[in-house]
Amino acid sequence: MYERLRQRFRQIMAAQQFLSTVKYVAGTKPSFLLSEIAAYLDEPLTAGQMYEALRPHLAGLGLTVQKTGEDYTISRLLPSPPYILNPAEEKRIDAYLSLSSMPSVLETAIEQYITRKTGKDWSDPVILERLRRAIVAQKDDYWKPAGKRSLQYTKGYSVLGYLAYHFPVYFMQTRHLLAQLARDGLLKQEMTILDLGTGPGVIPLAIEDFWMCLDTAKATVCSVERSKEHIEAFGALATSIATTNNQVTIEPPREADITSPRDVPLPDSVDLMIFSNMLNELAGLPVAARADIVMEYVKRLAPDGTVLIIEPAEEATSTGLRVLALALKKRGLSIYAPCTFVWGTNCTPDRCWSFQTAPSLRPTRIMNTLAACNEPFRYVNTDIKYSYVMLRKDGEVRTSCTIPKDMKALRLSKVHLNVGKRITVVAAKMSEDLGDKETHIFRLCDGSAEKPVYAVLPAFHIMPSNRELGSSPYGTVLEIRNVLVRYNPAHDAYNLLVNRDSGVTPFPLSREI
């Protein structure tokens, strides 16, 4: 036992020495042969052995490798330039996002796949009833406590039910997130994208569809999925909608369990890493364990790469994402969006229910056909609501601001000391309208609050001076002046009452102290 521990210690120390040496040499010259490293090591290693040891760390070290005979040339990784949208592409994306339905070719491909898999037309009453049972079972399972869920969308009618009910909404929300990445300059001229837990290929197919809005950007899309049935569905859908577009290369999914990152064959360097609607399915694992899984993959993320995590907008799942995001922030990633830490503090995320909405999806033919029954609401899934977080390795954030020292803005963590008083706050708008036509309600966050804080604007108090509260996009940092603090005991939260004497304006993010 002691000898095994000793040997393991020697291996760890040798690996650390090797990586430290590579990092040092890379800092002194733009490129070098891997065999040059051997002279610095205590343990003799061949170029092949060194390459295998180095490969998982290439992206993290900002290096790239090219085979040179029996050796390997190591070079500094030159980042691909960001893809800057031109006015024509901006207009194209606006038109694309205005579409309320999936591409007809993809809708037809899903119908044809269900028909082929079942041996009967998808609209056959027997098939429809089996799809209804699968959808209801998935929804019932989803609402169970985290430790009692099975959430197995991996076999038979569970896969077909997923295609009929979940796929369209997830496909549409991906459109909006890809547009956001493009407009923020987070896409590159040439990039490698990794989709972890791809299911039937929602993300890769959405990428291929979205990339038609772009003139010259290119992407290689890799994916990982453990379910053979999902991989089969992915292959069928990808073949059905294949185009002559050579801007996007979709590689066949790699069959593996993403909870074991070291066993997953991965690209050396990834520019965009996506976990879509799947980390919540690991709810049986502690937050720290899920964060460890993500960070293991982040080793392959390019120094200027982005991690995108998407989850459903349901309260427990959405707040769970915020808890996970903070755990990843504490491990060294920066939260690029949607959060803005106005005061430079870490938030209390366990009650942070924050999600984005977009125009509803037009029901597919399958949804409309399934809904021709006694309980139609069970089978129509058209609301585009999702929670997301974008994280970076380089410390970049979408929105940062500095509060001037002479500005009398109150942290949201202090509102409990000011009940009944009028105050000014600087905070991000972290929801769409949660109220109704008479009373408009919006979630606020500045990164300091321990309890939820909402801005409440009665319709009869809407004025040009406060209209920005309703019209500003999700995530906008606002200066909200002259609002009355009220405590809401029913929800253990605080309301900031906005009236006709209140002012709401976007906060000047470049403002100097």
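When two helix axes meet at an angle, under 35 degrees counts as roughly parallel, over 145 as roughly antiparallel, 65 to 115 as roughly perpendicular, and the rest as oblique. Keep that in mind as we walk through this model, which is a predicted one.

Let's start with a pair of helices. Helix α7 (residues 156-165) packs against helix α10 (residues 228-240) at an angle of about 45 degrees, and the two are therefore oblique to each other. Their axes lie 10 Å apart, and the crossing is right-handed. If you want to find the contact on your screen, look for G156, V159, Y162 and L163 on the α7 side, which meet E229, H230, A233 and L237 on the α10 side. Sorted by class, that contact has five nonpolar residues, two polar ones and one charged one. As for the spacing along a helix, an α-helix has 3.6 residues a turn, so residues three or four places apart point the same way.

Another helix to look at is α9, residues 202-210. How many of its residues are buried? Nine of nine, so to speak a full house: the helix is mostly covered. The buried set includes the charged-looking pair E208 and D209 along with V202, I203 and F210.

Now over to the strands. Strands of a sheet pair through backbone hydrogen bonds, either parallel or antiparallel. Three strands form an open sheet here, in the order β1-β3-β2, with antiparallel pairing. The edges are β1 (31-33) and β2 (63-68), each of which pairs on one side only. Neighbouring strands in this sheet are turned by 20 degrees against each other on average, ignoring direction. Between β2 and β3 (residues 71-76) there are six bridges, and one pair of bridge partners is K67 and Y72, the latter in β3. Helix α2 (residues 47-54) packs on this sheet, where it touches β2 and β3, and its direction makes about 40 degrees with that of β3.

Further along the chain sits strand β17, residues 493-497. Why is β17 largely enclosed by the rest of the structure? Because four of its five residues are buried. Strand β15 (residues 453-458) pairs with β17 in the parallel sense over four bridges, and A455 stands opposite L496 of β17. Strand β16 (residues 477-488) pairs with β17 as well, in the antiparallel sense and over five bridges. There, Y487 has Y494 in β17 as its bridge partner. β16 and β17 form a hairpin with four residues between them, and D492 in the turn has a positive phi of about 50 degrees.

Note on methods. Residues are numbered from 1 along each chain as its sequence is written. This is a predicted model: local features need pLDDT of at least 70, side-chain atom pairs count only at pLDDT 80 or more; totals for chains, interfaces and linings use all residues. Side-chain values use heavy atoms; hydrogens and water are left out. Buried means under 20% relative accessible area, exposed over 50%, partly exposed in between (1.4 Å probe, protein chains only). Two strands pair if DSSP finds at least two bridges between them. Axes are lines fitted to C-alpha atoms, for helices over the stretch in contact, and angles run from 0 to 180 degrees between N-to-C directions. A crossing is left-handed if the near helix is turned anticlockwise from the far one by less than a right angle, and right-handed if clockwise. Contact means heavy atoms within 4.5 Å. Ala, Val, Leu, Ile, Met, Phe, Trp, Tyr, Cys and Pro count as nonpolar, Asp, Glu, Lys and Arg as charged, and the others, Gly among them, as polar.
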